[in-house]
Amino acid sequence: MADYPTSFDKEALLACARGELFGPGNAQLPLPPMLMMDRITDISADGGLHGKGHVVAEFDIHPDLWFFECHFPGNPVMPGCLGLDGLWQLTGFNLGWRGWQGQGFALGVGEVKLSGMVRPDRKLITYHVDFTRVIDRRLKMGVADGRVFADGEEIYSVKDMKVGLAAAA
């Protein structure tokens, strides 16, 4: 296990996006505006609902976020796919945090339920990722369930989200 902290501020997340946290060719977060969190408040390799690792992160919502202007004019809402991408980003981040080598990529998701929306009047999104399986062989992969909360209300849930790590091309 690598020796990384169990929480990360925005600057540390940006360092990860620049390839500075886990090293070149390893797990990276996207740069803004696609970075879908402002901080990671807790991360582990053995915690969470199943004892196989977890991540909790937050994203501050502001009415001037880029997606509100274009999705949809006159009826602004954060695209649900961005919430799902935030969960995938955090799943891959956890694999890099574990010290695993390779670049992260989303492999799929078994089930997605959207039961609410993120509108400009919301203040905070909280992500919860709970690993159900970790595979540390030639293919390094995390399988996790995720939940997204907007101001404390659960609005998305996913099952069997998969993220893998592979050597940089």
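**Helix α1, the largest pocket and strand β5**

Helix α1 is followed by Gly19, whose phi is positive, near 85°. The model described here is a predicted one. Helix α1 itself spans residues 10-17. Six of its eight residues are buried, so the helix is largely enclosed by the rest of the structure. The buried residues are Ala12, Leu13, Leu14, Ala15, Cys16 and Ala17. They pack against two elements, β1 (39-44) and α3 (80-97).

Helix α3 appears again at the largest pocket. This pocket has a volume of about 180 Å³. Its lining is made up of 13 residues. Nearest the centre of the pocket lie Gln28, Trp88, Gln89, Gly104 and Phe105. Two elements, α3 and β3 (103-108), each give two or more residues to this lining. The most comes from α3, which gives five residues. By residue class, the lining divides into eight nonpolar, four polar and one charged.

Aromatic side chains were examined next. A search of the whole structure finds five aromatic pairs. One of them joins Phe67 and Phe68 in an edge-to-face arrangement. Their ring centres are 4.8 Å apart, and the angle between the planes is 65°. Phe67 has a relative accessibility of 1%, so it counts as buried. Phe68 is also buried, because its relative accessibility is 5%. Elsewhere, Tyr4, Phe8, Phe22 and Phe93 form one aromatic cluster.

Trp100 has charged side chains over its ring. Arg98 lies over the face of Trp100, at 5.8 Å from the ring centre. Lys140 also lies over the face of Trp100, at 5.9 Å from the ring centre.

Strand β5 covers residues 124-136. Two of its residues, Leu124 and Thr126, are described here. Leu124 has a relative accessible area of 26%, so it is partly exposed. Thr126 has a relative accessibility of 14% and therefore counts as buried. The cut-off for a buried residue is under 20% relative accessible area.

The contacts of these residues were then listed, leaving aside neighbours within four places in sequence. Leu124 is in contact with Arg39, Glu58, Phe59, Asp60 and Ile61. It also meets Phe149, Ala150 and Asp151. Thr126 touches Val56, Ala57 and Glu58, as well as Arg147, Val148 and Phe149. Glu58 and Phe149 thus appear among the contacts of both Leu124 and Thr126. Leu124 was also compared in position with Gln28, one of the residues nearest the centre of the largest pocket. Leu124 and Gln28 are 96 residues apart in sequence. In space they are 23 Å apart, C-alpha to C-alpha.

Asp151, a contact of Leu124, is found in the loop between β6 (140-150) and β7 (153-166). At 42% relative accessibility, Asp151 counts as partly exposed. Beyond its neighbours up to four places away in sequence, Asp151 touches Asp121, Arg122, Lys123 and Leu124. Asp151 and Pro73 are 78 residues apart in sequence and 23 Å apart in space, C-alpha to C-alpha.

Methods. Residues numbered from 1 in each chain as written. Predicted model: local features only at pLDDT ≥ 70, side-chain atom pairs only at ≥ 80, totals over all residues. Heavy atoms only, no water. Helix = DSSP H or I, 4+ residues; strand = E, 2+ residues; numbered from the N terminus. Buried < 20%, exposed > 50% of the residue type's maximum accessible area, 1.4 Å probe, protein only. Contact = heavy atoms within 4.5 Å. 1 Å grid on protein atoms, 1.4 Å probe; cavity = no way out; pocket = protein on both sides within 12 Å on 5 of 7 lines; lining within 4 Å. Points joined across faces, edges and corners; volume = space filled by probe spheres on them. Nonpolar A, V, L, I, M, F, W, Y, C, P; charged D, E, K, R; others polar. Phe/Tyr/Trp six-rings, centres within 6.5 Å; stacked < 30°, edge-to-face > 60°. Lys NZ or Arg CZ within 6 Å of the ring centre and 35° of its normal.
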